[in-house]
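Here are my notes on the model you sent over, point by point. Have the structure open while you read.

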Amino acid sequence: MAHPVPSDPPETGVASGRGRTRDEDDLYTWAREQAALLRARRFAEIDVDLVAEELEDLSRREFSKLCSALRVLVMHMLKWDQQPEHRTASWIYSIREQRRRLDRLLRESPGLKPRLDEALADVYPDARDWAADETHLPPDEFPAACPYAWDEIRERPFDLDSVKK
């Protein structure tokens with residue numbers, strides 16, 4: 001059964017003739033107004049610099065999502081390899097979830113693919129420190145550079161049978 005989709009909010013100030021919303025007062029409404037202006041081809045009324053800034057922020061947020069998924073994924077892989085006697089099913093579930101997030105993000109934003117190596121280099125020190133904190137081991141117990149190739153990060157199997165019961 002299909003769920004009803006909420007209707008759009010009442011028309012924005014742009015369409016109704018009211019004054020425009022300021023982004024610092026209501027970013028959501030401001031963005032919708034800017035989109036309406038674009039669609040109406042009212043280019044002279046668009047806040048071009050701020051729209052460009054928001055688009056750049058959007059791309060940074062997408063890169064940040066990539067880094068976040070990688071950080072958690074690599075941290076759990078490091079813990080898995082370093083402390084086999086402490087393996088838990090939750091580590092596997094976290095690895096699976098972060099892989100799904102990574103795959104979804106790369107599917108939705110394939111332009112991030114050329115930045116995978118950069119993202120991994122950015123997050124590895126944090127993943128290493130986090131793994132050290134969670135395992136109560138010194139960071140130098142973990143490799144100084146990421147030991148995993150991309151195919152391993154994305155597809156290495158993790159077996160529930162190896163989890164401590």
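1. Let's start with His76. This is a predicted model, and in it His76 is buried, with a relative accessible area of 8%. The cut-off for that label is under 20%, so His76 qualifies. The residue sits in helix H3, which covers residues 48–82. What does His76 touch once its neighbours within four places in sequence are set aside? The contacts are Trp91, Ser94 and Ile95, and these three belong to the H4 side of the contact between H3 and H4.

2. That brings us to the H3 and H4 packing. The axes of the two helices are 9 Å apart, and the packing angle is about 150 degrees. Angles over 145 degrees count as roughly antiparallel, so that is how H3 and H4 run relative to each other. Their crossing is left-handed. On the H3 side, the residues making the contact include Leu66, Leu70, Leu73, His76, Met77 and Trp80. From H4 come, among others, Trp91, Ile92, Ser94, Ile95, Arg99 and Leu102. Sorted by class, the contact of H3 with H4 has 13 nonpolar, 4 polar and 5 charged residues.

3. Now the aromatics. How many aromatic pairs turn up in a search of the whole structure? The count is 1. The pair is formed by Trp80 and Phe158, with ring centres 5.3 Å apart and planes at 90 degrees, so it is edge-to-face. Trp80 is in helix H3 while Phe158 is in the segment after helix H6 (150–155), so the pair ties together parts that are 78 residues apart in sequence. Both Trp80 and Phe158 are buried.

4. Phe158 deserves its own paragraph. Its place is in the segment after H6, and its relative accessibility is 12%, so it counts as buried. Leaving out neighbours within four places in sequence, Phe158 is in contact with Met77, Trp80, Ile92, Ile95 and Arg99. Every one of those five is also named in the contact between H3 and H4. If you want a backbone distance to check on screen, take Phe158 and Trp91: their C-alpha atoms are separated by 9.3 Å, with the two positions 67 residues apart along the chain.

5. Ser90 makes a useful contrast. Is Ser90 buried, partly exposed or exposed? At 44% relative accessibility, this residue is partly exposed. Ser90 lies in helix H4, residues 89–108. For another backbone check, the C-alpha atoms of Ser90 and Val163 are 9.6 Å from each other, and the two residues are 73 apart along the chain.

6. H3 also packs against H5 (residues 116–135), where the axes come within 7 Å and cross at roughly 45 degrees. That angle makes H3 oblique to H5. Which hand does this crossing have? The crossing of H3 and H5 is right-handed, whereas the crossing of H3 and H4 is left-handed. The residues in the contact of H3 with H5 come out as 16 nonpolar, 1 polar and 7 charged.

7. H2 (residues 27–39) is another partner of H3. Here the axes come within 12 Å and cross at roughly 115 degrees, so H2 is roughly perpendicular to H3. The crossing is left-handed. Which residues meet? From H2 they are Leu27, Trp30 and Gln34, and from H3 they are Leu50, Val51 and Glu54. That gives 4 nonpolar, 1 polar and 1 charged residues by class.

8. Last, the overall picture. The chain has 6 helices and 0 strands, and read along the sequence the pattern is α-α-α-α-α-α. What share of the 165 residues counts as buried? The figure is 35%, and His76, Trp80 and Phe158 belong to that group. As for contacts, take those in the chain with a separation of 6 or more: residues 24 or more positions apart account for 63% of them. The edge-to-face pair of Trp80 and Phe158, whose partners are 78 residues apart in sequence, is one place to see such a separation on screen.

Definitions and conventions. Residues are numbered from 1 along each chain as its sequence is written. This is a predicted model: local features need pLDDT of at least 70, side-chain atom pairs count only at pLDDT 80 or more; totals for chains, interfaces and linings use all residues. Side-chain values use heavy atoms; hydrogens and water are left out. Axes are lines fitted to C-alpha atoms, for helices over the stretch in contact, and angles run from 0 to 180 degrees between N-to-C directions. Helices (H or I, at least four residues) and strands (E, at least two) are DSSP runs, numbered from the N terminus. Angles under 35 degrees count as roughly parallel, over 145 as roughly antiparallel, 65 to 115 as roughly perpendicular and the rest as oblique. A crossing is left-handed if the near helix is turned anticlockwise from the far one by less than a right angle, and right-handed if clockwise. Contact means heavy atoms within 4.5 Å. Ala, Val, Leu, Ile, Met, Phe, Trp, Tyr, Cys and Pro count as nonpolar, Asp, Glu, Lys and Arg as charged, and the others, Gly among them, as polar. Buried means under 20% relative accessible area, exposed over 50%, partly exposed in between (1.4 Å probe, protein chains only). Rings of Phe, Tyr and Trp (its six-membered ring) pair if their centres lie within 6.5 Å; planes under 30 degrees apart count as stacked, over 60 as edge-to-face and the rest as tilted.
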